[in-house]
Amino acid sequence: MPSIFKRVSRPDPIVPDTTLDQELGNAADDANLALYFVNLAVASASDLANADFGGKSDPFCKVTLGEVSQRTVTVKNSLDPVWNDQMNFFVADKPDKITFHVFDEDTGLRSGKDDSLGEAEFEFGDMFETGVKYEGELRLRGADKGKVRVALRCRMMKPIETEIKLGYVEKQLEGKGKEQEATVAALDESEKLREEAIEELSTKEQEIIQKADELAEKQKLHQAELTEKEQRILDQAQDIEQKIQDYEEAQVALKETELKKQEAETKLTAAEEEILRKAEELETKERENAEALTAKEKEILAA
C-alpha cells in the first residue's frame, strides 16, 4: 500500500447567502402585492323568458367582475341555451361578487337595445382564501323565470412573491449543480488514488494473490477428483448391494430346492416301506404254504 494515504473529503454543501425568508423580507412591500384570479365556465341557461314575438329569444350571457366584462356567444332561437364558454378574470382588488346578466340579442333591420332576461349575482365569500370550487344554478332576478348554470374557481396570486421564490429555487439549484461538480471531481480524484494504490502493490502481495488463485484452482480440481472417487465408491456399493441381493435370491431358490428334494425323498421312503411290507406278507404266505404242503406230504407218507 502507499506509504502516505491522501484522504479525499466530501465537498461542503453550497447554499445561498440569504434565506428565503430574508429575501421575502427585503421585498416585503412588493411581495405582498396580490392579483385575484377567477376561472369561470358559463355552461347554460334554462327556462328563460321569451322576449321575441313570433319566435324565441336569442340569448347570451354577460359576465361582469368589477370593471371588467366578458360575454358568451349568442344562441339563436332558444329558451334553454348551452354555451359552455370559458372565461378568466384577473383583478388587482379583491372582488366581493360577480354578476351574470342574460340578454336577448336584438338583431335585424329594426335592431335596438338588447332585452334583459334577468341577472344573478354570486358572492365569493372566502373562496379566494380557501380555494373552494363552486358549480350550480343561479336564479335570475328581474324576470319571471329562468336559471343560469355556472362553475367557477378562485385563487389569490402574489406574482412578486412567486418570482422571489422561483429565484431562490434557482439559486439553490445552481448551488446543487456546483456541489455535484465538486463531488464528481472528488470521485475522480478518489478513483485516481485507488489506481495508484493498486499500482503500488508489492510484488510479494501480487504473488500472494496469484498463489491464492492457484490454491483455489487446485481446490476445485481436488474437489472434482473427490467427487469422481465418491461416484466410483457409490457405483461399487451399488454393485455389492446387487450381488447381495442376487445371493439372497439364490439362497431362497436353494432352500426351495432342498424342500422339494426332502418332499421327494419322503415320498420315496413311504413307497419302499410299502414294498417291504408287501414282501414280508408274501414271504409269510409262502412260509405258511410251505408248512401246509409239508403237513400234506407227511399225511401222505403216513398213509
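Me: In this predicted model, where buried means under 20% relative accessible area, exposed over 50%, and partly exposed in between, why is F90 called partly exposed?

Reply: F90 has a relative accessibility of 47%, and since the in-between class runs from 20% to 50%, F90 therefore counts as partly exposed.

Me: What makes F37 buried or exposed?

Reply: The relative accessible area of F37 is 9%, which is under 20%, so F37 is classed as buried.

Me: Why is the pair formed by the rings of F37 and F90 called stacked, tilted or edge-to-face?

Reply: The ring centres lie 4.8 Å apart, within the 6.5 Å that a pair requires, and because the planes meet at 35°, which is neither under 30 degrees nor over 60, the pair is tilted. It links distant parts of the chain, with F37 in strand β1 (residues 35-46) and F90 in strand β4 (residues 82-91), 53 residues apart.

Me: How many aromatic pairs does this rule give, and which residues do ring pairs link into a cluster?

Reply: The rule gives six aromatic pairs, and ring pairs join Y36, F122, F124, F128 and Y134 into a cluster.

Me: How do you know that D104 has no salt bridge?

Reply: The nearest side chain of opposite charge to D104 is K76, at 7.9 Å, whereas a salt bridge needs a distance within 4 Å, so the buried D104 is left without one. D104 is found in strand β5 (residues 97-104), and beyond its neighbours within four places in sequence D104 is in contact with residues including D52, D58, D114 and D115.

How values were computed. Residues numbered from 1 in each chain as written. Predicted model: local features only at pLDDT ≥ 70, side-chain atom pairs only at ≥ 80, totals over all residues. Heavy atoms only, no water. Helix = DSSP H or I, 4+ residues; strand = E, 2+ residues; numbered from the N terminus. Buried < 20%, exposed > 50% of the residue type's maximum accessible area, 1.4 Å probe, protein only. Lys, Arg positive; Asp, Glu negative; His and termini not counted. Contact = heavy atoms within 4.5 Å.
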